[in-house]
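Trainee: Hi, could you walk me through a protein model? I'd like to ask questions as we look at it.

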Amino acid sequence: MLSVEGLQAAYGASRILFDVALEIGEGQVVTLLGRNGMGKTTTVRTIMGLLPAQSGKVQLRGRDVTAAAPEKVARLGVGLVPESRQVFPTLTVRENLVATASNRLKRNNPWTLQRVYEMFPRLRERAGQSSGTLSGGEQQMLVIGRALMTNPHLLILDEATEGLAPVIRREIWQCLERLKAEGQSILLIDKNVEVLKRLADHHYVLEKGRTVWSGTSADLERDSELVHRHVGI
Ligand SMILES: Nc1ncnc2c1ncn2[C@@H]1O[C@H](COP(=O)(O)OP(=O)(O)OP(=O)(O)O)[C@@H](O)[C@H]1O
């Protein structure tokens, strides 16, 4: 589904990524772990084409997208839920969801408003409300719903549960469990390692712009000392 090798990237003169590698198989849930500032968001931005790769390779479903523009990466089926969590504030919930809807990839059982509302009943209740008036958690659900409406092959969530109330976090975790059960490939950046161990198939740890560890949830359990050292949890 996604393969990243030897990825290097910089903001101006400051090199942030030195050697990032990761693989996501079809239907897999994979995490990117690491303390603040280690390059997780930068990795996602580089995969999306929002920041140019200086070297290395990004392949999406066998296609080289290393130098592709963000619109193209999105069109080829990567849906990003960015850390910034931005909705179109003056549009209603429903308008936000239909604004980006597309099924260019002709996926089976495409996402519809109804399916998103089933996943997040709160969004149905607030369908006609301006999105700017939603709570932070509801806005996050809306951003996830909006990404799903593009019918992505790969969904990337950058700190989707950060700063949200426990009850909302649980709803988002449940949503991700359902997506996984439906075969959705997902790349997750999050700090809730206990939940991630249950949900994800494979994990990668970044330290100062390098992939320094990778393994399964069982490996992660066994190497808890390492996780503590690299992730600080
Ligand atoms: N636009 C930018 N210009 C210059 N440096 C940046 C920019 N964005 C991020 N950085 C720097 O790049 C490094 C990696 O940041 P990044 O956001 O990728 O880390 P992260 O692992 O996602 O951490 P966090 O959990 O804090 O988001 C940090 O040192 C950060 O200060």
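**Strands, helices and a ligand**

Mentor: Sure, let's start with a pair of strands: β1 (residues 2-11) runs antiparallel to β2, and seven bridges join them. Keep in mind that this is a predicted model.

Trainee: Which residue of β2 stands opposite L2?

Mentor: L2 belongs to the stretch 2-11, which is β1. β1 and β2 are antiparallel partners. Across from L2, in β2, stands I24.

Trainee: Which residue in the hairpin of β1 and β2 takes a positive phi?

Mentor: Look at the turn, where two residues sit between the strands. One of the hairpin's residues has a positive phi near 60°, and that residue is G12.

Trainee: Okay, on to the ligand. Which element gives the most to the shell around the ligand?

Mentor: The surrounding residues include Y11, S14, I16, K40, T41 and T42. Both β2 (14-24) and α1 (40-48) supply at least two residues of that shell. The top contributor gives three residues, and it's α1.

Trainee: How many nonpolar, polar and charged residues does the shell around the ligand have?

Mentor: Take a few members as examples: G34, N36, G37, M38 and G39 are among the residues around the ligand. Glycine goes with the polar class in this scheme. Sorted by class, the shell comes to three nonpolar, seven polar and one charged.

Trainee: Back to α1: why is it largely enclosed by the rest of the structure?

Mentor: Go through the helix: K40, T41, T42, T43, V44, R45, T46, I47 and M48 are buried. A residue needs 20 or more other C-beta atoms within 10 Å to earn that label. So α1 counts as largely enclosed because its buried residues number nine of the nine.

Trainee: Which residue with a positive phi follows α1?

Mentor: The helix covers 40-48. Its follower has a phi near 85°, and that residue is G49.

Trainee: Which helix gives the largest share of the largest nonpolar core?

Mentor: That core has 60 residues, and V81, I156, L157, L187 and L188 touch the most other members. The largest share of this core is six residues, and they come from helix α6 (residues 136-148).

Trainee: Which residues does L188 touch, leaving out those up to four places away in sequence?

Mentor: L188 is one of the core residues that touch the most other members. Skipping residues up to four places away in sequence, its contacts are V29, T31, L157, L196 and A200.

Trainee: Is L123 buried or exposed?

Mentor: You'll find L123 in helix α5 (residues 121-125). Beyond four places in sequence, L123 touches V93, V116, Y117, M141, L142 and G145. It has 24 C-beta neighbours inside 10 Å, so L123 counts as buried.

Trainee: And P166, is that one buried or exposed?

Mentor: P166 is in helix α7 (residues 166-181). The cut-off for exposed is 12 or fewer C-beta atoms within 10 Å. P166 has 8 such neighbours, so it counts as exposed.

Trainee: Last one: what radius of gyration does the protein chain have?

Mentor: The chain holds 10 helices and 10 strands, and its C-alpha trace spans about 45 × 35 × 35 Å along the principal axes. For 233 residues, a compact globule would have a radius of gyration near 17 Å. The chain agrees with that, because its own value is 17 Å.

Conventions:
Residues numbered from 1 in each chain as written. Predicted model: local features only at pLDDT ≥ 70, side-chain atom pairs only at ≥ 80, totals over all residues. Near = placed C-beta within 6 Å. Helix = DSSP H or I, 4+ residues; strand = E, 2+ residues; numbered from the N terminus. Core = buried A, V, L, I, M, F, W, Y, C linked by C-beta atoms within 7 Å. Contact = placed C-beta atoms within 7 Å. Pairing = 2+ DSSP bridges. Rg over C-alpha atoms; globule rule 2.2 N^0.38 Å.
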